[in-house]
Amino acid sequence: MCGRYASSRRPEDLAGVFEIEKWEPEETLEPDYNVAPTKEVYAVLDRPLKDAGSPCPVRQLRRLRWGLVPSWARTPEGGARMINARAETVHEKPAFRRAFAARRCIVPADGYYEWVTGSQERELEVEGKKKRPRKQPYFVLPADGSVFAMAGLYEFWRDRTLPDDHPQAWWVTCSVITTEAEETPLAVAPAEGPHSLAEIHPRMPLMLTPDRWDAWLDPSRTDPDDLRGLLAPPPAGLMRAYPVSTAVSNVRNNGPELLKELEAPEEGTLF
């Protein structure tokens, strides 16, 4: 799954990477090293500009709320549960299928966090011992330091309790698509700990390589069978992972120190 990630790139840097044509300086977000559900995040999307008088899509960098709210939802309260969409079923699930066909985006990140339960703690769980497992967080990122481009969906939701001219009358929300985690060896693995993404967690965000960006963002492509071909996992051996401080487990902690690589998992959280 993807429940937390880091995003510290500046809009001008993302603009160069994704060939962004339009972004508003007033929508700039501060670097966030502990992005959690319901926060505002950057998303890259192709869409005609409002009131531009042209139907041609323009590549934009937008601020969206993480946690998709379907257009038909009565309230936005379920958005926090819609942070991920499974690649295997995204084309058929009522909450995601319309967005999959027409509103796809890329959610750029430095990388994502995932937690592994220590082997000793897992043994206690198996034995039925009532001890809360202490989990070791890992940071997963492209081995070459490039932007981690997560496949995403976005949706519009109208708050009918507010007038049309209210700035919060429309919500624009998003979800990250996940796929089965790679079982092949990591490009760079920690000396102590997991040697594949599947050993960390059975799911991972679906990373789009640059050769798929244009096709994924193209709103003219609406055939689900055609689009499902873009959901294939990226080539193996592109990722690295390393242990980070358990401070990241607290969403109130936020700073570049959360990305600092530990020489070994913290005491009591050995893999």
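Two strands pair if DSSP finds at least two bridges between them. With that in hand, the strands of this predicted model are a good place to start. Strand β8, covering residues 135-142, has two such partners to look at. On one side of the story is β12 (residues 239-243), which is joined to β8 by 5 bridges and runs antiparallel to it. Tyr138 takes part here, and its bridge partner in β12 is Pro243. The other partner is strand β7 (residues 111-117), which pairs with β8 over 6 bridges, again in the antiparallel sense. In that pairing, Trp115 has Pro137 of β8 as its bridge partner. Strand β8 is also well hidden: 7 of its 8 residues are buried, so the strand is largely enclosed by the rest of the structure.

What about a charged residue inside a strand? Glu155 sits in strand β9, which spans residues 148-158. Is Glu155 buried or exposed? The relative accessibility of Glu155 is just 4%, and since anything under 20% is called buried, Glu155 falls in the buried class. The side chain of Glu155 has a polar contact to hold on to, with the side chain of Arg103 at 2.9 Å. Beyond the residues within four places in sequence, Glu155 touches quite a list of others. Among them are Leu68, Val69, Pro70 and Ser71, together with Arg98 and Ala99. Trp171, Val172 and Thr173 are in contact with Glu155 as well.

Next come the salt bridges, and the count for the model is 13. One of them brings together the side chains of Arg203 and Glu88, with N and O 2.9 Å apart. This pair ties together distant parts of the chain, as its two residues are 115 residues apart. Arg203 belongs to strand β11 (residues 203-205), while Glu88 is in the loop between β5 (84-86) and α2 (97-102). Their surroundings can be told apart too: Arg203 is buried at 9% relative accessibility, whereas Glu88 is partly exposed at 32%.

Another salt bridge links Asp164 with Arg158, and here the closest N and O atoms are 2.4 Å apart. Asp164 is exposed, with a relative accessibility of 65%, but Arg158 is buried, with a relative accessible area of 9%. Elsewhere, salt bridges with shared partners join Arg10, Glu12 and Asp13 into one network. Within it, the closest N and O atoms of Glu12 and Arg10 are 3.8 Å apart. Neither end of that bridge is hidden away: Glu12 has a relative accessible area of 42% and is partly exposed, and Arg10 is also partly exposed, at 47%.

Then there is the largest pocket, which holds about 890 Å³ of space. It is lined by 24 residues, and those closest to its centre are Glu27, Arg62, Arg63, Trp170 and Val172. Which elements give two or more residues to this lining? The elements are β3 (40-47), β4 (58-66) and β10 (170-180). The biggest share comes from β4, which supplies 6 residues. Val172 turns up twice in this account, as a contact of Glu155 and as one of the residues closest to the centre of the pocket.

Backbone angles offer a couple of curiosities. Most residues other than glycine have a negative phi. Glu19 goes the other way, with a phi near 55°. Where is Glu19 found? Its place is in the loop between α1 (11-18) and β2 (32-35), and at 58% relative accessibility Glu19 is exposed. Thr38 is another case, not a glycine and yet with a positive phi of about 80°. Thr38 lies in the loop between β2 and β3. With a relative accessible area of 41%, Thr38 is partly exposed.

Last up is Asp226, a member of helix α5 (residues 224-228). Asp226 is partly exposed, at 33% relative accessible area. How far apart are the C-alpha atoms of Asp226 and Pro265? These two residues are 39 residues apart along the chain, and their C-alpha atoms are separated by 43 Å.

Note on methods:
Residues are numbered from 1 along each chain as its sequence is written. This is a predicted model: local features need pLDDT of at least 70, side-chain atom pairs count only at pLDDT 80 or more; totals for chains, interfaces and linings use all residues. Side-chain values use heavy atoms; hydrogens and water are left out. Helices (H or I, at least four residues) and strands (E, at least two) are DSSP runs, numbered from the N terminus. Buried means under 20% relative accessible area, exposed over 50%, partly exposed in between (1.4 Å probe, protein chains only). A polar contact is a pair of N or O atoms within 3.5 Å; within protein, one must be able to donate a hydrogen and the other to accept it, and residues adjacent in sequence count only if both atoms are side-chain atoms. Contact means heavy atoms within 4.5 Å. A salt bridge is a side-chain nitrogen of Lys or Arg within 4 Å of a carboxyl oxygen of Asp or Glu. On a 1 Å grid over the protein atoms alone, a cavity is a set of points where a 1.4 Å probe fits but cannot get out, and a pocket is an open set with protein on both sides within 12 Å along at least five of seven lines; lining residues have an atom within 4 Å of a point. Grid points are joined across faces, edges and corners, and a volume is the space filled by probe spheres set on the points.
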